[in-house]
Each structure stands twice: as C-alpha cells, then as structure tokens.
Amino acid sequence: MASSAASSSSSGSSSPRFTNPPNYVFPHNRLSRVMRNPEKTPIVLVACGSFSPVTYLHLRMFEMAVDYARQNTDFEVVGGYMSPVSDQYKKPGLLSARHRVNMCTLGVNEHSFGWLMVDPWEAFQDYQRTAIVLDHFEYEINTVLGGVQTPSGEHRHVHVMLLAGSDLISTMSEPGVWSEPDLDHILGKYGTFIVERAGSDMDQATEALARWRHNIFFVPQLIQNDVSSTKVRLFLRRGLSIRYLLPASVVSYIEDHGLYKDDGPNQNQASSVSNNSNISSGGGSSPPDNEKEKEREASAGPDKEGAKQSSGTTPAPTQ
Ligand SMILES: Nc1ncnc2c1ncn2[C@@H]1O[C@H](COP(=O)(O)OP(=O)(O)OP(=O)(O)O)[C@@H](O)[C@H]1O
Ligand SMILES: NC(=O)c1ccc[n+]([C@@H]2O[C@H](COP(=O)(O)O)[C@@H](O)[C@H]2O)c1
C-alpha cells in the first residue's frame, strides 16, 4: 500500500514526525490507563516481526515476559502490542500485511479479557526501522494519550520496550543489519525483553550488546517450545495439521482463505493491499527465492537464514 502523508493521530493532534497509513487509529482499548501499583514503573511491550502466521509462541512470549517482569523487576506491564512488519520487508513466506494483521487480531482477541493489541501502523506503509516503530509507540502513548496514572491520579510516563526472541537479538551483532545509532536508540533509550529461543544462544546473542546490559532483560523459556511460523508454513505445504500450534480462529482463517498452500512467486502480490514501491537497499526487486526457502525449511530449526536474508534487505538505516 502506498502510505499517505497523513500526519494526524488518533486523537486529532498533529504529528510532524510520523507518517500514518490512511484511516489509521492507534489501538489503546486494552491499555491499562491506571496502574495497580504506584511504586512500579509502567512499561508497554512491543513485539516486531513478520507474524506470518502468528503462533501460540508469539502470544506466549508476552505471558513469559509479564511473569518475568512481575517476579524479577520493578516494572508493571500496562499493555502489549504486536507490530507486524510492512510488506516491503522482503522475506520468503511473508504473506500480505492484510492477512497477517487479521490473523494477529484474531489471535489477540481469542480472550476477551486480554491485554494484547495489534498495531497496524507499521504494516500498512513503507518499511519502518524498529527504532522508528518504538518512537511511534512512545509518541502515541506518552505524547498523544498522556501516559498513565497512579491510583491517586499522578501522571506516569510509560516506558516502551522491545519484546523479542533471542534469534532476533542475535542479528543485532551481525554486521550491516542494524546501525549503531539505531541499536543505541533501541537498547539505550528503550530497552528490551529477550525471550530465550531454542537454538539461539542467549549469551552469545548479547555479548556484543554488553554496554546496554542494564536495559536488557533475559526471559528463560521454562517450557521449551520452538514452534515457528516457518514450521507452520512447512506443515501447511505438506498437508499436515497445524491445530494446537496456533489459535483455532487463526487456523480457520488460514483454511478459509487457502493461505500458505503453495509458495507462489510472491505471496504479497496476491494481497488486495498493493505494494507499489520497492525500498530494498539491496536493489532486491526480485521475488524471494522460494526454492531455497523450501530447502531451508525442510531442515528443522528456527528460520535463522531467512531472518538474516530478510534483515539484510531492509533499507540501510539512516539517522
Ligand atoms: N518459539 C519462539 N520462541 C521465542 N521467541 C519467538 C518464537 N517464535 C517467534 N519468536 C519471536 O517473535 C518475534 C516475531 O517473530 P517472527 O514473526 O519472526 O516469527 P518466527 O516464528 O521467527 O517467523 P519465521 O519462522 O517466519 O522466521 C521475534 O522476536 C521472534 O524471535
Ligand atoms: N535495522 C532495523 O531496524 C532492523 C533490522 C533487522 C530486523 N528488524 C526488524 O526485526 C523484525 C524481524 O522480523 P523477522 O524475525 O520476522 O524477520 C522485523 O520487525 C524487522 O523490521 C529491524
């Protein structure tokens, strides 16, 4: 989708810094606006990724982080967001943003009492670096909404934090994927919760990030589960059941729309959401090499190669 230059936010305030997709409204219906414990520091967790499709492990990441925060930190989690990446993030198997956002929405709405939300801001526009995505949350929550309050009505600034699996954090020490200023912005200004992921060494993942260690919180996976979107896509192509790996409503959505049955030339193009511009720094206007993806997926394990490939095609960070 070609993003509009609309600059108005959900509340009508003007935002000179961000470009919003058409008709965009920042979701905050499940954000706790009043803290339970005024002694704590309010935080919002933001998970960025493809979510193609969303799995129970994406949802579990938030639960693991909230348990960890409650037991080991002075943070109070007041909300959680999934921010599906734009269609312009070139990654094999990346379905259109419309479907990915719809599936995430079904996933978070599985429980009406939930605290998770899906923010489509990033999905329906040009590729946005993660540092900018976090700035967008900071702006919407603290500038537009005015943060949160303590039970006695005192204002509190909400700290936005990135929630990620250890495979994503590993890419932060790979040359050329993240710029130094962006890392400083993400890990220095905001901070992160890193959820252990099978096959990804947390120590190695963060060795190079030691200077921000005060802002990095490691969440162990007490029940190891390496469900990944890659494996779900592989199962679908092989005609295997994906039930109980993802929310039932998402399974039905995939069936109803016949998604991931094959790995056609570029699943994004099947979307009603058009994708006119190509901002890949690698000049990568060519569709993903799906044969290679198949081979890669056939060997079990997290989709690290895919993550590298996709990350490498993100626009060169500019500050
Ligand atoms: N099983 C898991 N354990 C821990 N973190 C996970 C798991 N699955 C996904 N994540 C994390 O969720 C975020 C978004 O993930 P993403 O959409 O890339 O899912 P994925 O399953 O890794 O996808 P793919 O297999 O297509 O690469 C990332 O930070 C990723 O590390
Ligand atoms: N420089 C950057 O901001 C940068 C680099 C690599 C990945 N990312 C983000 O990390 C996420 C990676 O998602 P996948 O694991 O699905 O590839 C995406 O949201 C992507 O935008 C950001």
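In the protein, residues 24 or more positions apart account for 78% of the contacts with a separation of 6 or more, a contact meaning heavy atoms within 4.5 Å. The structure is a predicted model, in which local features need pLDDT of at least 70 and side-chain atom pairs count only at pLDDT 80 or more, whereas totals for chains, interfaces and linings use all residues. Residues are numbered from 1 along each chain as its sequence is written, chains are lettered from A and ligands numbered from 1 in the order in which they are written, and side-chain values use heavy atoms, with hydrogens and water left out.

The protein has 10 helices and eight strands, taken as DSSP runs numbered from the N terminus (helices, H or I, at least four residues; strands, E, at least two). Of its 319 residues, 53% are buried, where buried means under 20% relative accessible area, exposed over 50%, and partly exposed in between (1.4 Å probe, protein chains only). The protein exposes about 14300 Å², of which carbon and sulfur atoms supply 50%; accessible areas come from the Shrake-Rupley method with a 1.4 Å probe, and for residues only the protein chains shown count as cover.

Ligand 1 is surrounded by 23 residues, of which Phe51, Asp167, Arg197, Ser229 and Thr230 come nearest, a residue being near a molecule or strand if one of its heavy atoms lies within 4 Å of it. Polar contacts are pairs of N or O atoms within 3.5 Å; within protein, one must be able to donate a hydrogen and the other to accept it, and residues adjacent in sequence count only if both atoms are side-chain atoms. An N or O atom in the side chain of Thr230 is 2.4 Å from an oxygen atom of ligand 1, and a polar side-chain atom of Arg233 lies 3.0 Å from an oxygen atom of this ligand, while for Val227 a backbone N or O atom lies 3.0 Å from a nitrogen atom of ligand 1. On its own, ligand 1 has 600 Å² of accessible area, and the protein covers 97% of it. At least two residues of the shell around ligand 1 come from each of E1, helix H1 (56–72), strand E6 (159–165), helix H4 (166–170) and helix H7 (229–237). The shell around ligand 1 comprises seven nonpolar, nine polar and seven charged residues, where Ala, Val, Leu, Ile, Met, Phe, Trp, Tyr, Cys and Pro count as nonpolar, Asp, Glu, Lys and Arg as charged, and the others, Gly among them, as polar.

Around ligand 2 there are 14 residues, the closest being Ser50, Tyr89, Lys91, Tyr127 and Thr130. Side-chain polar atoms approach oxygen atoms of ligand 2 at 2.5 Å in the case of Ser50 and at 2.9 Å in the case of Tyr89, and an N or O atom in the side chain of Lys91 is 2.7 Å from an oxygen atom of ligand 2. The protein covers 95% of the 500 Å² of accessible area that ligand 2 has on its own. Two or more residues of the shell around ligand 2 are given by strand E1 (41–49) and by helix H10 (304–312), and by class this shell has seven nonpolar, five polar and two charged residues.

A pair of aromatic rings is described by the distance of the centres and the angle of the planes. Rings of Phe, Tyr and Trp (its six-membered ring) pair if their centres lie within 6.5 Å, with planes under 30 degrees apart counted as stacked, over 60 as edge-to-face and the rest as tilted; by this rule there are 11 aromatic pairs. Phe18 and Trp121 form an edge-to-face pair, 6.0 Å centre to centre with 80° between the planes. This pair links distant parts of the chain, with Phe18 in the segment before E1 and Trp121, 103 residues apart from it, in the loop between strand E3 (116–118) and helix H3 (130–144). Phe18 is buried, with a relative accessible area of 7%, and Trp121 counts as buried at 1%. The rings of Phe26 and Phe137 have their centres 5.9 Å apart and their planes at 70°, so this pair is edge-to-face. Phe26 lies in the segment before E1 and Phe137 in helix H3, 111 residues apart; Phe26 counts as buried at 1% relative accessibility, and Phe137 is buried at 0%. Ring pairs also link Tyr68, Phe75, Phe193 and Phe217 into a cluster.

Gln125 is found in the loop between E3 and H3 and counts as buried at 2% relative accessibility. Its side chain reaches the backbone oxygen of Thr19 at 3.1 Å.
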